Amino acid sequence: MAKGKKTADKLSPEEKLRQVLVPAEDQPYPVPENWCWVKLKFVSEIYTGNSISEKTKAEKYMGQKNGLLFIATKDVGFNCQVNYETNVRIPDFTNFKVAPANTALLCIEGGSAGRKVGFVTRNVCFGNKLCAFVAKTVNPRFIFYVLQSQYFIDQFNAKKHGLIGGVSVKDLAEIGFTLPPLPEQQRIVSRIESLFAKLDEAKEKAQSVVDGFELRKSAILHKAFTGELTAKWREEHGVGLESWTHNPWGNFIVSVEAGKNWSAEGRPPEDGEFGVVKVSAVTWGEFDELESKTCTLKEQWNEKTQIHIGDFLFSRANTLQLVGNCVIVKSIGRRLMLSDKILRFRFDKSVIPEYILYFTRSNLYREQIEQLASGNQDGMRNVSQKNMKLIEFYVPSLPEQKEIVCMLDNLLSKDQQAKEAAEAVLAQIDTIKKSILARAFRGELGTNDPAEESAVELVKKVL
């Protein structure tokens, strides 16, 4: 032991207190007078779990009926929920680290470090990339919420080291922690959980709108192309459903144009340059000119294959779920050419391109295109021009096509707006939660009682 260095049992009460409290100059923000700043190691016992190889898990612990559950990083969700349905149990856990019930677990290593936090309500064994925070002088749920606060996340990220971005237990122990009196801790936890419960209810409703978007869209398109959507219109115009015909695509395609698979730089062309589109340019419902490559040789340019506003483009190659996707080019500012995988169709006057585009987004089309696609089951699929022309379309009269396009524009636009509004609510809820946590650990939730005994007295009693 170094000369003059005191052991813990020889320290005076004042010296012990100084070791625990965070100096005023190191406190990141002020807190109420009866709170104090302490180091995390004072309020919690901190330790990591055990490393078990996947092979050992499978051979020794998978499917065990008795013992403690083993919680791995994957069992802790980004939503702070812990999966207790894991099939891994440790029968003899005497040589394993155990997180007791009512303990916060934090991922401290790997891609999820600092982003996954859970709270176990039963005794569990746990993995070495998880860290347990066993409450000593603080409400366990209080610790759980502190670990989710932006202040703690910032402190955690500042201490990351190494290629895997981990944080050591030693570094975690030195992070500052706002310590209110015990009754105030409980009030803060109750207030947070009350506010979060209301936000989670709103989040569930918003998420249901987002999750149901594709299902609603599919239902609307099905009604459009089976005649249900315009039933009233046909009645008003004295037209029957027998006016619809089932025509193969080839019957109204006037021409099919393709480009070449040019060798090119993997970036979009800039001013004065030209390029060729990638499959991803037509994958996601709207034409994306940034999904293109730059051609470097002047002789590669072919004006006949240049893409223009209004072009109807078809992807003849992609994954099974995406092959056959189509777009109509609404805007383009770069000089781009068709590739060998992106075809341009021109139709006769019996159909409206916008009507055809909507049909290609229905299950009636998708089921056919997937059956006609060839290629490796797990890789890229291709649709030949011959097969593509066999796809059957449900084609009403031109006036009814226009009515269907108009109705779909209106209905799907409103549904898209509802989805975007719900997504905005989801983003806002996460922001509000962060704000609540920030205010909670500054004593700004309106729950603090200045008359309560200072948390410093609690520290002194424990010491």
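Here is a quick briefing on the overall build of the chain and on its helix α14.

This is a predicted model. The protein chain carries 14 helices and 22 strands, and its C-alpha trace spans about 95 × 55 × 55 Å along the principal axes. After the whole-chain numbers, we zoom in on α14, which runs over residues 455–462.

**Overall build**

- The radius of gyration of the protein chain comes out at 32 Å, whereas a compact globule of 463 residues would sit near 23 Å.
- As for burial, 43% of the 463 residues count as buried.
- The protein chain exposes about 24,300 Å², and carbon and sulfur atoms supply 50% of that area.
- Take the contacts between residues at least 6 apart in sequence: 76% of them join residues at least 24 apart.

**Helix α14: the buried side**

- Ala-455, Leu-458 and Val-459 are the buried residues of α14.
- They sit on the same side of α14, because they cover an arc of only 100° around the axis.
- The general rule behind this kind of pattern is that an α-helix has 3.6 residues a turn, so residues three or four places apart point the same way.
- The cover over the buried residues of α14 includes the helices α1 (13–20), α2 (40–43) and α7 (182–211).
- Strands also feature in that cover, including β1 (36–39) and β10 (176–179).

**Helix α14: its start**

- Ser-454 comes in at the start of α14, where one of its side-chain oxygens reaches to within 3.1 Å of the backbone nitrogen of Val-456.

Technical notes
Residues are numbered from 1 along each chain as its sequence is written. This is a predicted model: local features need pLDDT of at least 70, side-chain atom pairs count only at pLDDT 80 or more; totals for chains, interfaces and linings use all residues. Side-chain values use heavy atoms; hydrogens and water are left out. Buried means under 20% relative accessible area, exposed over 50%, partly exposed in between (1.4 Å probe, protein chains only). Helices (H or I, at least four residues) and strands (E, at least two) are DSSP runs, numbered from the N terminus. The arc is that of the directions from the helix axis to the C-beta atoms. Contact means heavy atoms within 4.5 Å. A polar contact is a pair of N or O atoms within 3.5 Å; within protein, one must be able to donate a hydrogen and the other to accept it, and residues adjacent in sequence count only if both atoms are side-chain atoms. The radius of gyration is taken over C-alpha atoms; the globule rule is 2.2 Å times the number of residues to the power 0.38. Accessible areas come from the Shrake-Rupley method with a 1.4 Å probe; for residues, only the protein chains shown count as cover.
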